[in-house]
Every structure is written in C-alpha cells, then in structure tokens.
Amino acid sequence: MRWITPGGLLRGGGVFGLLAAFPFVERTDWIVNIGVFTLMYAGLATAWNLFSGYTGYISLGQAAFFGIGAYATGITFEHISIGSGYRPFYALPLIGLAVGLVSVPVAWVALRTRAMTFAIVTLMLLFIVQQLAFNLRSITHGSQGVAVPQPTFASNFDRPYYLAMLSVLALAMLICWYVRRSKLGLMLLGIRDDEEKARGLGVRVTGAKLIAWALSVGLTAMIGGIWGYYLFSIYPESAVDPLVMIGAVLMAFLGGKGTLWGPMIGAFVLVPAQQWALTSYGATRLYLIAYAGVFVLVLLLLPRGIVPSLADLVSRRRFRATDRPDVRPTVERVAS
Amino acid sequence: MHLVVQACILGVLTGGVYALMASGLTLVFGVMRVINVAQGALVILSAYLSWALFTHFQVDPFLSVLIVAPLIFALGVGVQLVFIRSLRSEQAEELSLLITWALALGIEGVLGAVYETTYRATNTSYANSAWTIFGYQVSVVRAYAFGLCVAVLVLLYLLLARTRFGRSVRATVQNPSSALLLGVNADRVRALAFGIGVSTAAAAGAVYGVLYPFNPGSHYDLISRLLSIVVLGGLGSVAGAVAAALMMGVVEAVVAVEISPVWSSFSYFVVLVAILLLRPQGFFGARERTL
C-alpha cells in the first residue's frame with residue numbers, strides 16, 4: 001500500500017515486537033498482570049479515540065459495551081461449552097462483530113443529539129446497561145454475577161491474556177491507522193471541524209459516524225470479553241464501571257485525542273501508576289482522590305495531550321533552526 | 001386506583017426535590033455551558049453535612065439548610081474560580097464535563113475516607129409520621145421537603161426574574177457576547193451562577209438524607225436521574241427541568257406500584273429514549289450545533 005512508510009513500519013513493528021516479547025522475558029506474575037491491564041486500557045483508549053477522538057463527539061458510554069462484551073463471554077460459557085484454554089479467544093471476533101452490529105441502532109438514537117447532550121446520553125447508556133445487568137436476573141444473575149470456568153494454563157497464567165489483549169490493541173491501532181488515512185477518516189475529521197459544512201459538501205455524516213461507532217464498540221466489546229475471561233467472575237458494578245470509562249477517556253486526553261499513538265502512550269503512562277495506587281490504597285478511598293487529582297492536573301496543565309504538545313515543540317524547534325523570521329508557527333493554546 | 005393516586009402524590013413530592021437539584025444543574029449549563037457532573041456528589045456531601053449537624057449538634061435537617069447552603073455556595077464559587085475558569089481552550093465544554101466528573105470522584109473519595117461506605121440516614125423524630133388526607137397517606141417529611149424545595153425554587157425564580165443580577169444572568173444565557181458588550185461582568189456572573197447552581201444541590205441535599213439512606217457512592221444514582229431530567233426538560237431550561245422532574249417523579253412512583261420497584265428507576269431511561277426519538281432537544285430546549 002502506498003501509505004506505508006519505512007519509518008512508520010519500523011515504529012509500529014518495533015513497538016509491537018517489543019511488547020510481544022515482554023512476557024517471555026519478564027516472567028514475574030504481578031508484572032505481567034499489570035501488563036495485561038495496561039494493554040487493556042491502551043486498547044480501550046484507542047477504541048474510544050477511534051470514535052470520539054476523530055469525530056469530536058465525546059462518548060462516555062463505551063464502557064457499557066465493555067461490560068456487554070464481558071457478559072457475552074460469560075453467558076456463552078454458561079450455555080454452550082466453547083472449550084477451555086485458548087479456544088474462547090477465537091470466539092472474540094464474533095462477540096465483537098455481534099456487539100458492534102447490535103450497538104448501531106442504539107447509536108442511531110443517541111446520535112440524534114449533539115455535543116454536550118450526546119455526552120450525557122451516552123453516559124446514561126452506561127447507567128442503563130448497568131441497571132439491566134442488575135435487573136435481568138434470569139440472564140445475568142443480577143448482583144450474584146456470572147462465573148466463568150477457570151482455564152488451565154499450566155505455568156505463566158497471565159501470558160495468554162497478555163497476548164490476547166496485545167492482539168486486540170494491535171488490531172485497534174491498525175484500524176485507527178487505516179481509518180485515519182482513508183476517505184472515512186477525512187469524513188470523520190470533517191465532522192469534527194464543522195458538521196454542517198461537511199454535510200453541505202455531500203458527506204454522509206450519519207453513515208460515517210455509525211461506521212466509526214460500530215468499529216469502536218466492536219473493539220471495546222472484544223476487550224471486555226478477554227477481561228471477563230481473565231477475572232472469572234463478572235459483576236454489574238465491575239463490568240460496567242464508570243471508573244473504567246473515565247480512565248480510558250483520561251488516558252486518551254493525556255496522550256492526545258485524535259492522534260494515532262496518543263491514547264496508547266497515555267495508557268502506558270497512567271495504568272502502571274493506577275494499578276500501583278489500587279493495590280496500595282485500594283481499601284481506603286484515597287485511591288479515588290489520587291485519581292481525581294491526576295485527572296484535574298492533566299486537564300488543567302496538558303489539555304491537548306502529550307503527542308500534540310510534543311509535536312508543536314518539535315516543529316517550533318525546526319522552524320527556529322531553519323533561520324526564518326521568528327513568527328510563531330502555531331497559536332499556543334495550552335491553558336496557563 | 002387508590003394505589004395509583006397514592007403513587008402520584010408520592011411522585012409529585014419526590015419530583016419537587018429532584019426539581020430543585022436539576023434546576024441548579026440546568027441553570028449552570030445555561031450560563032456557562034458546563035454540565036456539572038458533581039451535582040449528585042454535592043447533594044451527597046450536603047446530606048452528610050446535614051447528617052453530621054443533626055447527630056452531633058441536634059440541628060434539625062430543615063434548619064441546617066441555612067448552614068449547608070452557604071458553605072456549598074462558597075465551595076462552588078471556589079471550584080468555578082480555580083478549575084472551570086482556567087479552561088479557556090476551544091474544548092472548554094467537554095473538558096469541564098470531565099473536570100466536574102473528577103470533582104465528583106474526589107468528593108466520593110473524601111467522603112469514603114471519612115465515613116466509610118456504611119449507609120447513613122438522618123432519623124428525625126417526625127421521620128415516620130404521616131398525615132391522612134381524604135384517605136391518602138402523605139408523609140410529613142416528604143411534604144416538608146417538597147415545601148422547602150418549592151420555596152427555594154420560588155426564591156430562585158424571583159432572583160432570576162426580578163433582580164438586576166438575575167437580568168444579567170438571563171442576558172448571559174441568551175447571548176454572552178452582547179451581554180458582555182452591555183457591561184455585564186461575565187466572570188462575576190459565571191462564578192455566582194455556579195455557586196447558586198450548586199447551592200440548590202445543597203438545599204435539596206440537606207433534606208435528601210431524611211428521605212433516603214445514602215453512602216458516598218450514591219451520587220452515581222443521583223446524577224443519572226438528574227442528567228435524564230435536564231436532557232428531558234431541554235438543557236438550559238429551568239422551567240423544563242422542573243416540569244421534567246415532576247413528570248419523572250410521578251412516572252417512577254407509578255411504575256414502582258404497577259410494575260415493580262426494581263424497574264422504577266429504569267423508567268427514567270425509557271422516557272429519555274422516547275423523548276430522544278421524538279424531540280431530541282427536550283421539552284423546552286433549543287437545537288444544539290456541533291462543537
């Protein structure tokens with residue numbers, strides 16, 4: 001394909017090659033465990049970015065589909081035996097596809113609203129799905145939760161999950177990369193900048209938004225599926241958790257939403273710290289306070305994210321170096 | 001039939017309390033395009049303050065409003081000055097949504113650290129008494145709470161409709177740049193409006209603890225109700241929020257009686273989806289353009 005540059009190939013291949021080698025080099029269980037969660041959040045943030053970062057529609061409801069993916073895995077286990085070991089992972093694409101398709105009518109309703117109302121409506125979606133998980137007892141067993149049979153991976157229990165999360169993250173990055181460079185990506189960015197104008201120019205705005213939404217939701221559901229299989233037990237509070245949602249959004253903001261690598265970088269910075277805080281302060285609610293503090297700092301000090309801020313810095317350096325008249329190339333928009 | 005009428009009475013009384021919380025939320029949105037996700041957490045914070053005043057100093061929850069509301073007002077003005085005003089980028093709206101969410105988490109964390117997750121309730125001596133009117137039971141605390149909330153709503157209305165400050169608030173809602181040109185001090189209006197918006201949460205929160213048991217995590221349940229109410233009424237419309245709150249109160253109570261209490265809070269979401277299909281801008285809202 002004509003878009004593939006040697007530098008990009010090297011970057012993508014290098015990063016994912018290193019990540020794939022990691023659990024074979026580092027075998028300590030708790031470190032690989034943190035790795036699983038880091039990749040999980042990186043995947044969630046990247047999937048969120050695919051819809052919200054590119055279209056500018058802030059969705060606060062993706063975690064609902066994370067939960068649905070987890071429940072889909074758990075319930076499938078309960079009713080049909082899909083084998084143990086690695087075999088459940090092969091069912092994930094089906095779960096992703098199914099949840100993505102089912103979510104389209106939901107998105108069609110939610111996308112009748114815009115801007116802030118859309119954010120609120122998607123946040124409501126989160127609460128709706130959580131409530132359904134509590135109430136539809138015949139399917140989800142309510143607050144008792146769904147139990148998943150424990151698989152029998154002999155040694156290095158976490159490694160298969162790590163690799164599964166990594167595959168979904170790689171898939172998410174590939175889709176993001178492809179979409180960004182395709183006509184669809186141009187349409188999405190057009191919607192973000194001025195939806196009315198894009199529509200006036202003949203962009204099928206609803207269609208474009210729905211495709212991006214379905215892709216994002218499908219990926220989110222697959223990640224949820226792996227998470228459900230990893231934790232063995234799926235409860236409404238933990239599967240559909242506003243904290244997971246806000247975490248993914250925070251990471252996308254920290255890294256830089258609308259960029260390819262930003263959400264992943266945000267996750268790699270924050271998740272290890274988050275997991276450490278969770279194990280040290282989890283019992284007392286200090287964990288929440290720390291979370292809130294980091295969040296506020298990121299939003300106030302770095303509202304555009306790491307990647308755009310760095311790119312700005314680099315381009316300004318280059319600009320100076322070429323000895324042109326000192327005109328600021330871009331307007332500084334970081335809140336003071 | 002008797003049960004349905006009984007449920008309607010209960011629904012209107014409950015709806016009045018939600019109307020007060022939601023009117024502050026929607027007012028803040030109207031003035032500064034900020035959705036305060038921490039509104040629910042501030043209600044719970046006020047409920048704890050009022051509970052603490054009642055258990056330690058025997059202050060009646062209905063009187064503690066006079067102490068709690070000014071405190072929360074000051075907190076709100078502070079939050080606006082420190083966190084929300086400094087968001088000057090073009091994404092200020094979405095950022096403010098996330099920053100108030102962070103604030104909600106912070107409040108939940110502090111309350112959790114101080115009070116653990118045990119459920120509390122403010123049990124006044126008259127908590128369980130009720131009047132019987134034409135054969136219908138009317139709970140005394142709910143009637144008082146309703147009365148208090150209506151009184152605060154009337155005060156809010158007078159403030160917005162009759163005072164110079166209210167005029168500048170309404171001017172800022174209708175057209176911020178013209179208001180600025182006409183000499184409205186926008187920064188001051190925003191800070192005060194945010195304070196007023198959150199102190200409605202405080203007033204309702206002080207009595208919330210008398211009506212329902214609560215713990216630090218209760219704010220998610222509250223904010224999900226409040227957000228559906230303001231979307232239903234049309235973002236920015238105080239009258240819409242009051243109408244929507246009363247309607248949802250009644251619908252919830254009737255569903256609890258006729259179908260099942262388990263599904264009663266779900267009725268919020270069903271009505272919300274129906275409204276989005278028919279009239280995405282809510283009862284009284286204007287259509288929004290993209291970001």
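## A walk through chains A and B

The area buried between chain B and chain A is about 4400 Å², and carbon and sulfur atoms give 76% of that. Keep in mind as you go that this is a predicted model.

**Stop one: where the chains meet.** Start by selecting both chains and colouring them separately. You will find 47 residues of chain B in contact with 46 residues of chain A. If you look for salt bridges between chain B and chain A, the count is zero. The count of residue pairs in polar contact between chain B and chain A, with both residues at pLDDT 80 or more, is also zero. Now stay on the side of chain B that touches chain A and select helix H4 (92–115), helix H9 (219–233) and helix H11 (266–278) of chain B: these are the elements that give two or more residues to it. Which of them gives the most? That is H4(B), with 15 residues. Colour this side of chain B by residue class and you should see 29 nonpolar, 11 polar and seven charged residues.

**Stop two: a helix pair in chain B.** Next, select helix H6 (residues 164–174) and helix H8 (residues 186–211) of chain B. Their axes are 10 Å apart, and the two helices pack at an angle of about 100°. Angles of 65 to 115 degrees count as roughly perpendicular, and H6(B) and H8(B) are therefore roughly perpendicular to each other. Show side chains to see who makes the contact: H6(B) brings B:Phe165, B:Ser168, B:Val169 and B:Thr172, while H8(B) brings B:Val189, B:Leu192, B:Ala193 and B:Ile196. By class, this contact of H6(B) with H8(B) holds six nonpolar residues, two polar ones and no charged ones.

**Stop three: a helix pair in chain A.** Move over to chain A and select helix H9 (residues 183–193) together with helix H11 (residues 205–231). Here the axes come within 10 Å and cross at roughly 110°. H9(A) and H11(A) are therefore roughly perpendicular to each other. On H9(A), pick A:Leu184, A:Met187, A:Leu188 and A:Ile191; their partners on H11(A) are A:Val205, A:Ala208, A:Lys209, A:Ile211 and A:Ala212. The contact of H9(A) with H11(A) divides into eight nonpolar residues, no polar residues and one charged residue.

**Stop four: two backbone spots.** Most residues other than glycine have a negative phi. With that in mind, centre on A:Phe232, whose phi is positive, near 70°. Where does A:Phe232 sit? You will find A:Phe232 in the loop between H11 and strand S2 (233–234) of chain A. Then jump to B:Gln58, another residue other than glycine with a positive phi, this time near 55°. B:Gln58 belongs to the loop between helix H2 (39–57) and helix H3 (61–84) of chain B.

**Last stop: B:Val254.** Finish in helix H10 (residues 238–258) of chain B, where B:Val254 lies. Which residues does B:Val254 touch, leaving out those up to four places away in sequence? They are B:Val4, B:Ala7, B:Cys8 and B:Ile259. To close, draw a distance from the C-alpha atom of B:Val254 to that of B:Leu159: the two residues are 95 residues apart along the chain, and the C-alpha atoms are separated by 34 Å.

Methods:
Residues are numbered from 1 along each chain as its sequence is written. Chains are lettered from A and ligands numbered from 1 in the order in which they are written. Side-chain values use heavy atoms; hydrogens and water are left out. Contact means heavy atoms within 4.5 Å. Buried area is the accessible area (1.4 Å probe) that two parts lose on being put together, summed over both. A salt bridge is a side-chain nitrogen of Lys or Arg within 4 Å of a carboxyl oxygen of Asp or Glu. A polar contact is a pair of N or O atoms within 3.5 Å; within protein, one must be able to donate a hydrogen and the other to accept it, and residues adjacent in sequence count only if both atoms are side-chain atoms. Helices (H or I, at least four residues) and strands (E, at least two) are DSSP runs, numbered from the N terminus. Ala, Val, Leu, Ile, Met, Phe, Trp, Tyr, Cys and Pro count as nonpolar, Asp, Glu, Lys and Arg as charged, and the others, Gly among them, as polar. Axes are lines fitted to C-alpha atoms, for helices over the stretch in contact, and angles run from 0 to 180 degrees between N-to-C directions. Angles under 35 degrees count as roughly parallel, over 145 as roughly antiparallel, 65 to 115 as roughly perpendicular and the rest as oblique.
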